[in-house]
Amino acid sequence: MSYSSNDQQTRILYANELGKRVTSGERELVILESLALDVDRGESVAIVGSSGAGKSTLLGLLAGLDAPSSGELEMFGQSLSTLDEDGRAALRAGRVGFVFQNFQLLPTLTAIENVMLPLELSPRQDVAGKSRQCLERVGLGARLDHLPKQLSGGEQQRVAVARAFVTEPDLVFADEPTGNLDEATGKRIIDLLFDLNRESGTTLILVTHDMSLARRCDRCLKLEGGALHEVVQRQGVEA
Ligand SMILES: Nc1ncnc2c1ncn2[C@@H]1O[C@H](COP(=O)(O)OP(=O)(O)OP(=O)(O)O)[C@@H](O)[C@H]1O
Ligand SMILES: [Mg+2]
């Protein structure tokens, strides 16, 4: 990977003039418009905003899972528009973890097999042992061999979180990672994400409706009108 400046060595994500439009029936829907974002290595960033504001759409674009309609987008100093789907997947492999809002676990694989999947793309260690350890960290040591349909919503969410950090990625995207969890379990998952951030310098991009989670992040950005706005976080003031 070639970096052209010091700036880009600390910069992990960059978006400029980013737009996403979709056609729905006869109409064109503008979801994101002229959006800008700059995230440095090791930062934790919360993205908040009302339902339908485009948060999940944005996360999919930033992770290179979906292509923008316009604008520039870079991850790890590499322009995503120059890469096809396979190229974007290769750039992400082992370095990016993603927790989807609807989890997207593979239904025919058990909990531990779902977590093993990203490691098997680059087998280099005790895949099963490492995956078991991650499931234990999210409190699912006793659910290794359950299929997703045999798990509660919150348990599926925790498998998705374990799958996202099993490769010890540089960058984790999580779409409402505590949306299905009770307060105590949610806190455990949040603590885990911030432990990764502190111990391994993992950059966190978290979509959340939970202001206590947003407040723990270095920055809080609100998605509104298709663009991101910095939220000044003060005690007792909500976005
Ligand atoms: N492929 C698509 N075709 C048409 N409309 C779409 C498409 N994808 C998303 N949308 C619309 O774009 C808007 C943003 O969707 P998105 O899922 O990004 O919102 P969100 O901010 O994540 O909402 P929530 O908080 O409810 O998860 C919604 O109004 C949705 O209906
Ligand atoms: Mg969403």
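1. In this predicted model, a convenient place to begin is ligand 1, one of whose oxygen atoms lies 2.6 Å from a polar atom in the side chain of S51. Two further side chains make comparable approaches: an N or O atom of T57 is 2.6 Å from an oxygen atom of ligand 1, and an N or O atom in the side chain of S56 is 2.9 Å from an oxygen atom of this ligand. Taken on its own, ligand 1 has 640 Å² of accessible area, and the protein covers 59% of that area.

2. The surroundings of ligand 1 can be described more fully, since the shell consists of 14 residues, with S51, G52, K55, T57 and Q101 as the closest. By character, eight of the shell residues are polar, four are nonpolar and two are charged. As for where they come from, helix 2 supplies three residues, which is the largest share, while strand 2 (27-40) and helix 2 each provide at least two.

3. The second ligand is a magnesium ion, which is coordinated by the OG atom of S56 and the OE1 atom of Q101 at 2.0 to 2.2 Å. S56 belongs to helix 2 (residues 55-62), whereas Q101 sits in the loop between strand 6 (96-99) and helix 4 (111-120), so the two donors tie together parts of the chain that are 45 residues apart in sequence. Neither donor residue is classed as buried: S56 has a relative accessibility of 33% and counts as partly exposed, and Q101, with a relative accessible area of 40%, is partly exposed too. A reader following the site will meet both residues again around ligand 1, where Q101 is among the closest residues and S56 offers a side-chain atom 2.9 Å from an oxygen atom of the ligand.

4. Which strands make up the open sheet, and in what order do they run? Four strands take part, in the order 2-1-4-5, and their pairing is antiparallel. Strand 2 and strand 5 (78-79) stand at the edges with a single partner strand each, so one side of each is left without a neighbour in the sheet. Within the sheet, strand 1 (residues 11-24) and strand 4 (residues 70-75) are joined in the antiparallel sense over five bridges, and one point of reference is N16, whose bridge partner in strand 4 is E72.

5. Strand 6 deserves a separate look, given that the loop holding the magnesium donor Q101 lies between this strand and helix 4. Strand 6 is covered on both faces, with V96 and F98 buried on one side and G97 and V99 buried on the other. Its pairing with strand 7 (residues 171-175) is parallel and extends over four bridges, and in this arrangement G97 stands opposite V172 of strand 7.

6. Two backbone angles should be checked by eye. Most residues other than glycine have a negative phi, yet E17, which is not a glycine, has a positive phi of about 55°, and E168, also not a glycine, has a positive phi of about 50°. E17 lies in strand 1 and is partly exposed, at 49% relative accessibility. E168, by contrast, is placed in the loop between helix 6 (153-165) and strand 7, and at 53% relative accessibility E168 counts as exposed.

7. Helix 5 (residues 127-137) contains S131, a residue that is buried, with a relative accessible area of 0%. Although its side chain is polar, a partner is available in the backbone: a polar atom of the S131 side chain lies 2.7 Å from the backbone oxygen of V127.

8. Helix 8 (residues 211-216) includes R216, and A214 is in helix 8 as well. Is each of these residues buried, exposed or partly exposed? R216 is partly exposed, with a relative accessible area of 38%, whereas A214 is buried at 0% relative accessibility. Distances along the chain and through space can be set side by side here: R216 and V45 are 171 residues apart along the chain, while their C-alpha atoms are separated by 9.1 Å. For A214 and D145, the separation is 69 residues in sequence and 33 Å in space, taken from C-alpha to C-alpha.

Terms used: Residues are numbered from 1 along each chain as its sequence is written. Chains are lettered from A and ligands numbered from 1 in the order in which they are written. This is a predicted model: local features need pLDDT of at least 70, side-chain atom pairs count only at pLDDT 80 or more; totals for chains, interfaces and linings use all residues. Side-chain values use heavy atoms; hydrogens and water are left out. Donors are N, O and S atoms within 2.8 Å of the metal (3.2 Å for Na, K and Ca); water is not among the atoms, so sites may look incomplete. Buried means under 20% relative accessible area, exposed over 50%, partly exposed in between (1.4 Å probe, protein chains only). A residue is near a molecule or strand if one of its heavy atoms lies within 4 Å of it. A polar contact is a pair of N or O atoms within 3.5 Å; within protein, one must be able to donate a hydrogen and the other to accept it, and residues adjacent in sequence count only if both atoms are side-chain atoms. Accessible areas come from the Shrake-Rupley method with a 1.4 Å probe; for residues, only the protein chains shown count as cover. Ala, Val, Leu, Ile, Met, Phe, Trp, Tyr, Cys and Pro count as nonpolar, Asp, Glu, Lys and Arg as charged, and the others, Gly among them, as polar. Two strands pair if DSSP finds at least two bridges between them.
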